[in-house]
Amino acid sequence: MGPDTLFGDHVAPGPPPQRPLSDAAQRRRAILRAGELATSLGITSYTEPGLGPGEDGGASGAFGSSVAEQYRALAADGLLRARVTVLWLFGELDGPSDIDSFLAGLAATDGATSDPRWLRFAGVKIFADGIPPMQSAYTHNCYADGVSASLLVAGADDAEREANLSRMIIAAHHAGHQVGVHATGDRSIEVTLDAIERARAEKDADLGHYVIHGDLVTRPQLRRMAALGVGLDTQPEIAVRTRSLVDAALGPGAAEAAWPLQAVLDEGVSLCLTSDAPVLSPDWRRQIAAADEWMGPTDDPRRRMARLLRCYTVEPARQDHALDWKGTLAPGMVADLCVLETDPLAVTPAELPDVAVDLTVLDGEVIYRRGAAAAEAVTPEAGAPATVVPETA
């Protein structure tokens, strides 16, 4: 059985499942269950985009410091079912943060793990704004009904909020942390890029910062992202599902210019396709199909498939600073792979969701085999349903 998702079968996201993780044992089982699900989908690495003290009082119990510590313990015991990258969260999930808490969290961060190839605390997650359908994306123009949004970062006015977001990004950069910024509006993306540009001018290090979602990113911003080495993690199925909601919020035709996937590729921005699970299913095949649908017809489906597959293999490895040891099949690389029942280059992206995963191999070991008994295929502790499945990288 797959995970509960916020979208479910509906156009718009609904309320989260009301199954909070109340203690360490439940969190441990949820992580193991998430790993079990990942292996069944052929996923060998994923990113937890936001765990930490900002959510220690969160109602779900799924994103606080205790979850990070459970990951650390499972990695030390050799029980992780996938390689995991974590971003620290010093504000609320999908909510506000403030500069003082952020700087305090940054100073207290402990990224030690038993083996960074299995668990790596890469950097920090910042929620800059919300999403266009909820009229909470930070944009240069008003919404169709005249409403304007603000940044989620605390401040007395827009100028102070922008300054505080910039301070967060620059501080993290100077501390050597990769930054993933949840930014959907063109104005929030611009503030983010200005901060990264300033940070790199002060300390020229390519830390692989990236924008998460980037719904309303513009072509000039994509050119800046390419020049600054800023990647984009986006979710095509959200684009497909919320087209009408974006048009209703921003005006007719707004969705057509949003999520410009072909322009992202053309401008040379490193593109990772992700699910934003538990918003959507972590099934990567669905995201590739949605990306193809959003991009429109092509004369060469095979070439497009190959390019989109890179957005789930090579580009995430680049984001993880791991291009030299994972992401491709070559001598000397780790044997992390999945085997499909059909050559993916022999089908169209639209057909990919119906192609089954036959095997998942992690570090050279078969950890999932289609049709195998559960006892043979999964960790014995991984029997409890998960409240959340992390975003796949």
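**Exercise 1. Decide whether phenylalanine 102 is buried or exposed in this predicted model.**

Step 1. Take the value: phenylalanine 102 has 3% relative accessibility.
Step 2. Recall the cut-off: buried means under 20%.
Step 3. Conclude: at 3%, phenylalanine 102 counts as buried.

**Exercise 2. Find out how phenylalanine 90 and phenylalanine 102 are arranged as an aromatic pair, and which parts of the chain they tie together.**

Step 1. Start with the count: there are 4 aromatic pairs. Phenylalanine 90 and phenylalanine 102 form an aromatic pair, with 5.6 Å from centre to centre.
Step 2. Look at the planes. The angle between them is 80 degrees. Planes over 60 degrees apart count as edge-to-face, and this pair is edge-to-face.
Step 3. Place the residues. Phenylalanine 90 lies in the loop between strand E2 (83-89) and helix H3 (99-108), and phenylalanine 102 lies in helix H3, so the pair ties together parts that are 12 residues apart in sequence.
Step 4. Check phenylalanine 90 for burial. Its relative accessibility is 8%, so phenylalanine 90 counts as buried.

**Exercise 3. Describe the aromatic pair of tryptophan 259 and tryptophan 294, and state where each residue sits.**

Step 1. Read the geometry: tryptophan 259 and tryptophan 294 are 5.6 Å apart, centre to centre, with 90 degrees between the planes. The pair is edge-to-face.
Step 2. Locate both residues. Tryptophan 259 is in the loop between helix H8 (254-257) and helix H9 (261-266). Tryptophan 294 is in helix H10.
Step 3. Judge the link: with these positions 35 residues apart, the pair links distant parts of the chain.
Step 4. Add the accessibility: tryptophan 259 and tryptophan 294 are both buried.

**Exercise 4. Work out how H3 packs on helix H4 (residues 158-174), and which residues meet.**

Step 1. Take the axes: they lie 10 Å apart, at an angle of about 5 degrees.
Step 2. Name the arrangement. Angles under 35 degrees count as roughly parallel, which makes H3 roughly parallel to H4.
Step 3. List the contacts. From H3 come Ile99, Phe102, Leu103 and Leu106. From H4 come Asn164, Arg167, Met168, Ala171 and Ala172.
Step 4. Sort the residues of this contact of H3 with H4: 7 are nonpolar, 1 is polar and 1 is charged.

**Exercise 5. Work out how helix H10 (residues 284-295) and helix H11 (residues 301-310) cross.**

Step 1. Read the angle: the axes cross at roughly 130 degrees and come within 10 Å.
Step 2. Name the arrangement: H10 and H11 are therefore oblique to each other.
Step 3. Give the hand: H10 passes H11 in a right-handed crossing.
Step 4. List the contacts. Trp284, Ile288, Ala291, Asp292 and Met295 of H10 meet Arg304, Met305, Leu308 and Leu309 of H11.
Step 5. Sort the residues of the contact of H10 with H11: 7 nonpolar, no polar and 2 charged.

**Exercise 6. State the place and accessibility of alanine 38 and serine 22, and their separation from residues far along the chain.**

Step 1. Place alanine 38: this residue is in helix H1. At 6% relative accessibility, alanine 38 counts as buried.
Step 2. Find its neighbours. Leaving out residues up to four places away in sequence, alanine 38 touches Ile43 and Tyr46.
Step 3. Take its separation. Alanine 38 and tyrosine 312 are 274 residues apart along the chain, and their C-alpha atoms are separated by 13 Å.
Step 4. Turn to serine 22. This residue is in the segment before helix H1 (24-40). At 55% relative accessibility, serine 22 counts as exposed.
Step 5. Take its separation. Serine 22 and cysteine 311 are 289 residues apart along the chain, with 35 Å between their C-alpha atoms.

Technical notes:
Residues numbered from 1 in each chain as written. Predicted model: local features only at pLDDT ≥ 70, side-chain atom pairs only at ≥ 80, totals over all residues. Heavy atoms only, no water. Helix = DSSP H or I, 4+ residues; strand = E, 2+ residues; numbered from the N terminus. Buried < 20%, exposed > 50% of the residue type's maximum accessible area, 1.4 Å probe, protein only. Axes fitted to C-alpha atoms, helices over the stretch in contact; angles between N-to-C directions. Parallel < 35°, antiparallel > 145°, perpendicular 65-115°, else oblique. Left-handed = near helix turned anticlockwise from the far one by under 90°. Contact = heavy atoms within 4.5 Å. Nonpolar A, V, L, I, M, F, W, Y, C, P; charged D, E, K, R; others polar. Phe/Tyr/Trp six-rings, centres within 6.5 Å; stacked < 30°, edge-to-face > 60°.
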